[in-house]
Amino acid sequence: MSVRNKHQLKADAANWLKDLANAGDTGGLNWHVHAVRSLQRWLPTRGLIAALLAGIQPAQKHLLLIGCSAGWMLPTPWLARFERIDIYDIDPLVPLLFGLRHGRALKAQGVQLHYRRQDAIVGLPGLLNQHPDACLWFDNVLGQVSFRLGDEDIAERQLGQLKHLLARRSWGSLHDVYSGPVDSDMGLPAYDTVRWTRLDDEPEETAKVRIQEQVCLHEVAVQQLLSRLNAKGVWHDHATRTVFPPGTQTSMLPWAFRPHYWHWLQAAWVRP
Ligand SMILES: C[S@@+](CC[C@H](N)C(=O)[O-])C[C@H]1O[C@@H](n2cnc3c(N)ncnc32)[C@H](O)[C@@H]1O
């Protein structure tokens, strides 16, 4: 074995361990522990996600499922509509934990599962070539790109390119848009979805958004969203505003991520 190979092996092992622990601050063991302890608090948001996905019925029977972790928030019945699912995540624990949470039920219904440990954002062009007939679901992963890159502007540019790469595909995403502290945790009335459509690709100050039936400047619409959750202090922007093509009707879903700390998630399905 050459010296270079030894270094390469060491670097691979270090990456494996880092991804096992926290997947570049986006998942890993940290995430699984938090998810298991939060499942009950997340129940209303999991219900919103299940209702939303029940209304999405792609014609394709092959799904590329990206960044799904153990699928803590995914409903098994929606996954069962596919004949084959290729699961891409950088976290080495995913085959074990996704298998425990969904694997047995899916296999019993004849769904073939294939696990791949790889960066599916950087490797997206290759995945699209390998699987020309598959549709894609980004499962709460795109809002973490800015954490992994450590730069919001680069993340926003990269994320803005995805829709062009995916132009001929059926695809969808659920991702973080904003997250931050709240004054007091809201009860059940907070758990309805808000219809949200970004109407143009203008810069932030002049972009227009249709929120429910009302058209507002982007910044005004964001303030409305935040006040619905009793937001206080500084909120984090996940740099995902340009993920969907302008005009895509999206749903904004409130999520009590941890006590006194909420997220607004955005979800939509895009057809070519
Ligand atoms: C917030 S967690 C996803 C949560 C998931 N929806 C659930 O219900 O548990 C983000 C996941 O994306 C994975 N991930 C982050 N960046 C990735 C990338 N570039 N390619 C593939 N997976 C990635 C992480 O390992 C993690 O499992």
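**Exercise 1. Find the buried residues of helix α8 in this predicted model, and work out how they sit around the axis.**

*Solution.* Start with the list: A155, L159 and L162 are the buried residues of α8. Now look down the axis. These residues cover an arc of only 35°, which puts them on the same side of α8. That fits a general rule: an α-helix has 3.6 residues a turn, so residues three or four places apart point the same way.

Next, flip to the other side of α8, where you'll find D153, R157, Q161 and H164 exposed. As for what lies over the buried residues, the cover includes α7 (145–149).

**Exercise 2. Check the length of α8 against what its residue count predicts.**

*Solution.* Count first: α8 runs over residues 152–165, which is 14 residues. The expected span is 1.5 Å times one less than the number of residues, and for α8 that gives 20 Å. Then take the end C-alpha atoms of α8: they are 20 Å apart, which agrees.

**Exercise 3. Do the same face analysis for helix α9, then follow the chain out of the helix.**

*Solution.* Helix α9 covers residues 218–228, and its buried residues are H218, A221 and V222. Seen down the axis, they fall within an arc of 100°, so they line one face of the helix. What do the buried residues of α9 pack against? Their partners are β7 (208–211) and β8 (214–217). The face turned away from the buried side carries the exposed residues E219 and S227.

Now leave the helix. N230 follows α9 and belongs to the loop between α9 and β9 (236–237). Check its backbone: phi is positive, about 60°, although N230 is not a glycine. Is N230 buried or exposed? Neither extreme: a residue is buried with 20 or more other C-beta atoms within 10 Å and exposed with 12 or fewer. N230 has 15 within 10 Å, so it is partly exposed.

**Exercise 4. Trace the strand pairing around β10, and pick out the odd residue in the turn.**

*Solution.* Take one neighbour at a time. Strand β6 (residues 194–198) runs antiparallel to β10 (residues 249–258), and four bridges join them. To get your bearings, use R195: its bridge partner in β10 is S251.

On to β11. Six bridges join β10 to β11, and these strands also run antiparallel. Here P254 stands opposite W264 in β11.

How many residues lie between β10 and β11 in their hairpin? There are two. One to look at is H260 in the turn, with a positive phi of about 65°, although it is not a glycine. H260 has 14 C-beta neighbours inside 10 Å, so it counts as partly exposed.

**Exercise 5. Locate the best-connected members of the largest nonpolar core, and say which element gives the core its largest share.**

*Solution.* The core holds 62 residues, and L63, L65, I66 and L136 touch the most other members. Ask next where the core residues come from: strand β11 (residues 261–270) supplies the largest share, seven residues. That's the strand you just met in the hairpin with β10.

Finally, zoom in on L63. Leaving out residues up to four places away in sequence, L63 touches F82, I85, A134, C135 and W137.

Terms used
Residues numbered from 1 in each chain as written. Predicted model: local features only at pLDDT ≥ 70, side-chain atom pairs only at ≥ 80, totals over all residues. Core = buried A, V, L, I, M, F, W, Y, C linked by C-beta atoms within 7 Å. Contact = placed C-beta atoms within 7 Å. Arc of directions from axis to C-beta. Pairing = 2+ DSSP bridges.
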